[in-house]
Amino acid sequence: WITPEFNFTFELFGFLKPLPGEGMIYLFVALGIAGLFIALGFMYRLSSLFFFLGFSYVFLLDKSYYLNHFYMVVLVSGILVCLPANRKYSIDALLFPNIKSDWVPNWTVWLLRFQIGVVYFFGGIAKLNPDWFQGEPMRKWLAVRTDFPLIGQWFTEEWMIKIFTFGGLSLDLLAWPLLVFKRTRVFAFVIIVSFHLTNAQLFSIGIFPWMMIFITAIFFDEKYFNLSYWKNKTAYINPPNTPFKVPTWTYALLGTYVLFQVLFPLRHHLYTGNVNWTEEGHRFAWHMKLRTKSSKLDLDIKNKDTGKDYKFSYKGRLNKRQYRKMKTHPDMLRQYAHFIADEMAKKGRDVTVKAK
């Protein structure tokens with residue numbers, strides 16, 4: 001964040017800039033502390049709000065760092081701001097006994113369950129394409145990992161490629177309904193844990209497998225997380241019969257959020273062209289592990305009046321990740337072309353910039 005001169009900001013957020021000096025370092029330290037406070041339930045509301053705003057700010061600074069699990073962190077941290085997650089086993093509950101409670105409204109649990117379902121389901125929907133059914137790009141990914149323990153020796157076999165291809169597709173589409181129903185919940189959880197542990201070893205996908213393993217625990221009954229149940233199962237108090245009073249505006253906000261999460265990932269169907277090539281509507285749609293893209297870039301920079309060619313090195317202006325991502329994303333190429341033109345204009349040169 002400190003070195004690059006240019007950031008590929010998201011539309012509507014071009015005004016965001018990295019903090020000057022070592023400000024970004026201090027921000028990440030503060031985000032780490034806020035994350036710890038959220039886990040401990042200490043100053044929970046303030047900590048979760050700060051984390052949500054701080055992480056969202058970092059997330060929106062540059063498209064080249066976009067990852068679906070970073071987007072999920074933004075959404076889940078935003079949801080946590082609205083949830084009473086500090087009512088039981090927390091420092092806040094020790095400091096302020098009046099907030100302590102054994103129960104929370106049902107919607108607070110189901111909102112997280114819904115968000116997890118969105119990730120799995122749309123991840124599966126995105127795999128319903130001809131390339132995936134033909135085993136690509138899974139075939140290429142597995143071919144370079146024949147050193148994988150125990151099963152790597154079969155990674156070039158078609159039957160193994162089909163297991164990974166259609167196994168991943170089936171898990172994404174069926175994970176949520178299997179988790180919702182009690183009879184299949186444990187089975188689904190075991191499969192999901194195995195799936196994510198394999199992915200963690202096979203691919204470089206950061207925190208996503210671990211986050212999905214632990215957050216999926218929200219599907220299990222509340223009694224398993226209550227110490228009184230384990231101390232005396234026969235004396236365990238069931239949920240109260242009297243429902244929590246939820247304001248109408250809460251349901252309106254929940255409905256709006258749910259509708260957005262269902263419709264926004266489908267927006268690429270409104271655009272012409274293949275989303276995997278054009279990139280229009282690819283972000284924020286849970287299109288995960290669907291393709292491998294590599295590219296060579298040739299920038300043609302000419303003076304409009306004289307036709308003179310200019311060179312413009314990305315080194316010092318972009319880091320390697322930014323440059324690699326830019327080469328395969330048309331919208332980022334366009335942003336960078338405008339940046340080049342603006343930099344040339346500062347030197348009195350009116351240029352056209354074309355990317356091949």
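Which element gives the largest share of the lining of the largest pocket? It is H5, with 6 residues. Keep in mind that this is a predicted model.

Let me stay with that pocket. It holds about 1800 Å³ of space. Its lining counts 50 residues. Nearest the centre are Ala-85, Val-104, Val-109, Leu-112 and Ile-218. Several helices give two or more residues to this lining: H1 (23–40), H2 (44–60), H3 (68–82), H5 (106–126) and H10 (208–215). By class, the lining has 34 nonpolar, 10 polar and 6 charged residues.

Now the second largest pocket. Here the space is about 1500 Å³. Again 50 residues line the pocket, and those closest to its centre are Trp-141, Ile-205, Met-288, Lys-289 and Leu-290. H3 and H5 each give two or more residues to this lining, as do H7 (138–143), H8 (158–180), H9 (182–202) and H14 (320–326). H9 gives the most, with 7 residues. The classes here are 20 nonpolar, 18 polar and 12 charged.

On to the surface. Ile-2, Ile-25, Tyr-26, Val-29 and Ile-33 make a nonpolar patch of about 500 Å². Of these, Ile-2 sits in the segment before H1.

Next, charges. The count is 18 salt bridges. I will take three pairs and one network.

First pair: Lys-182 and Asp-221, with the closest N and O atoms 3.5 Å apart. This bridge links distant parts of the chain. Lys-182 is in H9, while Asp-221 is in the loop between H10 and H11 (227–231), and 39 residues separate them. How accessible are the two ends? Lys-182 is exposed, at 60% relative accessible area. Asp-221 has 15% relative accessibility, so this residue counts as buried.

Second pair: Asp-147 with Arg-145, at 3.2 Å from N to O. Asp-147 is exposed, with a relative accessible area of 59%. Arg-145, at 21%, counts as partly exposed.

Third pair: Lys-346 and Glu-343, at 3.0 Å from N to O. Both belong to helix H15 (residues 330–346). They are 3 residues apart there, so about one helical turn separates them. Lys-346 is exposed, with 64% relative accessible area.

Last, the network. Salt bridges link Glu-136, Arg-139, Lys-140, Glu-158 and Lys-162.

To recap the pockets: H5 leads the lining of the largest one, and H9 leads that of the second largest. That is my tour.

Notes. Residues are numbered from 1 along each chain as its sequence is written. This is a predicted model: local features need pLDDT of at least 70, side-chain atom pairs count only at pLDDT 80 or more; totals for chains, interfaces and linings use all residues. Side-chain values use heavy atoms; hydrogens and water are left out. On a 1 Å grid over the protein atoms alone, a cavity is a set of points where a 1.4 Å probe fits but cannot get out, and a pocket is an open set with protein on both sides within 12 Å along at least five of seven lines; lining residues have an atom within 4 Å of a point. Grid points are joined across faces, edges and corners, and a volume is the space filled by probe spheres set on the points. Helices (H or I, at least four residues) and strands (E, at least two) are DSSP runs, numbered from the N terminus. Ala, Val, Leu, Ile, Met, Phe, Trp, Tyr, Cys and Pro count as nonpolar, Asp, Glu, Lys and Arg as charged, and the others, Gly among them, as polar. Patches are made of residues with over 30% relative accessible area and no salt bridge: like charges are joined within 9 Å, nonpolar side chains (Val, Leu, Ile, Met, Phe, Trp, Tyr) within 5 Å. Accessible areas come from the Shrake-Rupley method with a 1.4 Å probe; for residues, only the protein chains shown count as cover. A salt bridge is a side-chain nitrogen of Lys or Arg within 4 Å of a carboxyl oxygen of Asp or Glu. Buried means under 20% relative accessible area, exposed over 50%, partly exposed in between (1.4 Å probe, protein chains only).
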